[in-house]
Amino acid sequence: MIFDDLRAIQLRYGFLPKPELESLSQRTQTPLYQIHGVASFYPHFHLVPPPKADVRICADMSCHLNGAAELRSDLERAFSSTSAQDVQIRDVSCLGRCDLAPAFCLNDQIFPSAIAAGAEDLIRAAVRGESLHEPHPAPARVSCASDPYSDGEQYGAVRKLAAGKDWDGALAEMKAAELRGMGGAGFPTSMKWSLVRAQSGSDKYVVCNADESEPGTIKDRFIMTHLPHLVIEGMMLAGFITGAKKGIVYIRHEYHAQEEILGAEIRRCYQAKLLGKNILGSGLDFDLEIFVSPGGYICGEETALLEAIEGKRAEPRNKPPFPVQAGLWQKPTVLNNVETFANVPQILARGVDWYIAQGQGGSRGLKFVGVSGHAARPGIYEVPMGCAMREVIFDFAGGMRGGRQLKAFAPSGPSSGYLPASMVDVRLDFKALADAGSMLGSGAIVVCDDTTCMLDMALNAVRFYRNESCGKCVPCRVGSQKMVDLLARWTRGPLPESQYRSDLALLDELSQAMALTSICGLGQIVPAPIQSVLKHFRAEVDAHVLQGKCPSGICFTASRAGEANRVGIRP
Amino acid sequence: MSATPTPPGLIDITIDGQPIRVPANTSVFDAARMHGISIPTLCHLQNEIPVGVCRLCVVDTGARVLTASCVRPVEAGMKVVTNSEKVLSARKTLLELLMADHPSPCARQQHSGDCELESLARAAEIAQPRFAKRTVARGLDDSSLAIAVDHDACILCDRCIRGCDEVKNNFVLGRMGRGYAAGIAFGLNSPMGDSACISCGECMVSCPTGALTNKIVVGASIVAGPDAQGFEAEDLLRLPIFKGVSGTFLELNRGAIVKRTYKPGEIICREGDFGSTAFYILEGSAQVSISSPIAHVKTAGGAKGLFKRLTSSLAPREDDARDDEARDRTIPIDASVDLSYDNPVAELGPGDLFGEMTCMNFYPRSATVRAASHVVAYEMLRNVLDIMMKNKTFRAQVDGNYRRRALESHLRGVPMFADLAPDFIDHLKNSVELQRYAPGQIVARQGDPADSFYLVRIGFVKISENYPGGELVLAYLSRGDYFGEIGLLGGGTRTADCTALDHVELVRISGDDFRQMVDRFPSVRRGLETVAEERRAQNQQRMQTVHNVPIDQFLSQGLMEAQSLLILDLQNCTRCDACVNACADAHDGVTRLVREGLRFDQYLVATSCRQCRDPLCMVGCPVGAIRRRNSLEVIIEDWCIGCGLCANNCPYGNINLHPFEITVDDLEHPGRKKAAIKQKATSCDLCTYLKEPSCVYACPHDAAHRVDPRTFFAEMLGQGQGSQK
């Protein structure tokens, strides 16, 4: 496995020296270009020796709203006279610590809620060669309404299904519950599983997408920490129902703690004969392993994720065929989000009626959402599907920090675009949010108070997509950069009205082309944040471009100069 | 829609309202093409598996988004629209995006006006892209001899990658990086010329833009004479040596190779001539020889003082043995054979390649080649030679010839290898590895583990050490020279940097073979140890000197390079030129001293050989005749062919060509002799046959001195004590 080989080399040398890659190529009969292709694709690998302190500050959405840019300039000032062999300070894409913003990563260890003074001490310690320890406070035991086994034997749904083997019945229950994918796309889960089940042959896979990387998305981190047994049980159920014998949890490499928790739970299951051959004497087999992602937002795209497991560059595939027909190693594959898998045992253990009763206003089940940004109590909340966004933001997350006014919110990270405070009564529901021109997505609610500049937020989002584009197709690779260029120009000073008008027309053409022709969701969604800001906050954008004024006093300042072209990924 | 029911295996769809029936699994792109509907594309080629990355071939199938028609199989009842406003506008935006970063007109557009991107952009009426241009250039790669790479013109269509992998199975090329920073890379992102690329040209003929183009070789095409035949690419492709090469690529290189026929006795190339081509013999045999007399310039007759005229003559080493003269019995030349010192004539036949050094590195011809029978040969420029040399079949043949015919004499040329048993030489013939290096490529780095021993087969290798303030060149090694023994015998690490100066080919003997050889033949070990010890001592002494003299100006004038300088004290000198005349008198009227040069303090450093630390004169000698003595002074060996390259290379103008009238075989009239002027290179010999250099002896004002710069200038440099003055 190429990533294991590369990791072993990196562990030994701190980076990937050329002679080692050459001998790896000889040993494994892998062409050099393939090795270089993946090593230069994933942010996890270093092709040159890293500095003693490799500082990467999360630059996205929630961290951006919580002073990441200021943290970066403070640290840059503090280490301005330090050599590049000792300290390098760069941006990094969302680290999945949005509730503890701003976060920064030092030599692959993640430190949340960073303050400049504390970060400085850590960096100096790293330069001195001291070993660092990522903080892992033991998670407090949280009881979740979603857990059907909070006071009883776990894996009840698996036991029942292994004994009864009523696959069609289980699928019917899922269908009746109207369970839909929780990763963003909302595809009916029972239909996906039925399609895989209908494929002939026994070489099939169940893959769990635990690579949540959309800025603001932290719910899967919570689910894996507190409900790992539901995720594993959901995958087992998928294996039983579809006939797949092998499952893989694809987890982002920044989730060290969750990787351990899931690993421990998997070992427990093997010991309890819940995984492996002849599970509980049923004659059914299912094996489960964890695959640690070498990094990158694009790996969350389902086919890019499959490419990564196959040891290739994580470039999304052209569809059709879909993973249900030709997924991992071109075999039929069930690919679902962590939360989707965790929902299945809830339905099968407690029944459809219970599941339906959990939702509000016709929506079904419970939903984990992350609330971050300017929220008074940022965190992960378990809320009824269909409840009003107002309830989530104000009742659960305590409203705006410092008693400020809500200005805008993103229902699901940059991809959902921004909705104005006036729309805060929209319900947390697939259809309701789609009707509002947004989406339920992955439940990454990011709230902005009245000090926020919305053009700045749109530029921040496009920059994220530009940094995370895999580069496979033209519209996303080139278009995302050109959109950054265009918006950055808007934040740099007044333009003649004729220029603004033609820029707007150009932006629309570009948005159209990207949405219509990009291979995957990443490229298609790039225009969403700026289009939503133009729709709901047009006056603010006009003030920037026509008068050269940022009503929030954020753009046109020295600390933001040049930020647009800072690339988080390795140069 | 067709009124008849669809037969099994076929599928009915409509494209732009036109009913179309095609076999299942046909792509929408092909279905359209088969029915005369053309869809634009940049990344799709008929002979490659479609990847759908440029997105220009998008069509509307009624779905939420458009679909790339090259990767989309037809489905029953599909209604495809290829030309709606929505589709056309999206395509135009994509072209405009690409054009914003395109260096228009790119190399392809300039050469042949057929850049596919620029043609499509013109058709879509995109004059000035409205998007911002790329701010950071991605750069050019000029390292391949045959193909120019302009990363800025690359649109990442993956056509070259598929050409290299799928079509030719060479697996050299791929994507690297990601997002806007993504690009194509050869191997581990090496320069193309240093990668495993075999110059088959497939990537270049697959490229839609000017990112990969055929390099126009300087000097364009070979002058075709009446004896030269041009021919079609198909003729060349039939030759095994061009197996795997793209036909289009050969077509583009047509002018760079000609087939020539020679009558018996006709000269194919002449020693000392400059050239840029190599020859590959197809039929017949040719004789290779050196017609310059094998001897050096000897000056004598002045024993009784200056009143008797001195004369210079040519003397072979049997008659006039000099210190540190080579004892080799073979003369390295630019072919797969070596010539004997005693009788410098050899035979070349079909399958032999000669003139590689001249072709790759533009050195003068090392020998004269004459057709011995009716000869048919290909003459080629270096881009074609490069293609041939990268072809595995041809490469194996050339390597085989070398192993069979020249390797033994090269091994025997290393003095301490003289005792190797024939069976061991045979073993080495099979086990050595032949390696190619591009100019500037590092063979071994100081401090690296030493794991092999090298013989130089073609080109020049610079051996250098780094010291504060610069690089110290220990030696330039050419054909027949060797290196790597110090590291293997010593601490197991390289003691110096070894860098290819030009296109270099090395014979690598593995550390295991080397150790086996040293264990089995004690004389080899003793010999090597002596040499290694000498080299170490010399190097150390040089380093010591360098450390002691940190004066920038002194160094920058090259004075520090010198072992021995002729200096004129300008306070005493009356510019009478007696020194110059004395030198001329001592050397047949050809002075080796010019009273001009650098000034340092009150001294003029006259132009005469400084026996430099970085002896540039040694780089390029086609026969390896100029080299150092152990004392570092320059010596010109007997087989100098008088080409004059060393004289050109000397930055101080200190090497002269001394003409002699001799009789040679008249090549036009076999059997007869004729008078000819031949030249031999000479440099200041310090008048070693006299008590003191003539110039110093002749100076009436005590202004000329021959000195060691380090001790002489020591005081001025604030070091040491006193001077030799």
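Biologist: Is N169(B) buried or exposed in this predicted model?

Modeller: N169(B) sits in the loop between α5 (159–167) and β8 (173–176) of chain B. It has 8 C-beta neighbours inside 10 Å. A residue with 12 or fewer counts as exposed. So N169(B) is exposed.

Biologist: What is the phi of N169(B)?

Modeller: Most residues other than glycine have a negative phi. N169(B) is not a glycine, yet its phi is positive. The value is near 55°.

Biologist: Which residue in the loop between α13 and β8 of chain A has a positive phi although it is not a glycine?

Modeller: The loop lies in chain A, between α13 and β8. The phi in question is about 65°. The residue is partly exposed, with 13 other C-beta atoms within 10 Å. It is Q330(A).

Biologist: What is omega for the peptide bond between K319(A) and P320(A)?

Modeller: Most peptide bonds are trans. The bond joining K319(A) and P320(A) is cis. P320(A) is found in the loop between α13 (302–309) and β8 (333–337) of chain A. Omega is about -5°.

Biologist: Which residue does a cis peptide bond from P320(A) lead to?

Modeller: Omega of this bond is near 0°. The residue lies in the loop between α13 and β8 of chain A. It is P321(A).

Biologist: What separates the C-alpha atoms of D166(A) and G311(A)?

Modeller: D166(A) is in the loop between α7 (156–164) and α8 (167–177) of chain A. Along the chain, D166(A) and G311(A) are 145 residues apart. Their C-alpha atoms are separated by 36 Å.

Key: Residues numbered from 1 in each chain as written. Chains lettered and ligands numbered in written order. Predicted model: local features only at pLDDT ≥ 70, side-chain atom pairs only at ≥ 80, totals over all residues. Helix = DSSP H or I, 4+ residues; strand = E, 2+ residues; numbered from the N terminus. Buried ≥ 20, exposed ≤ 12 C-beta atoms within 10 Å, placed from the backbone.
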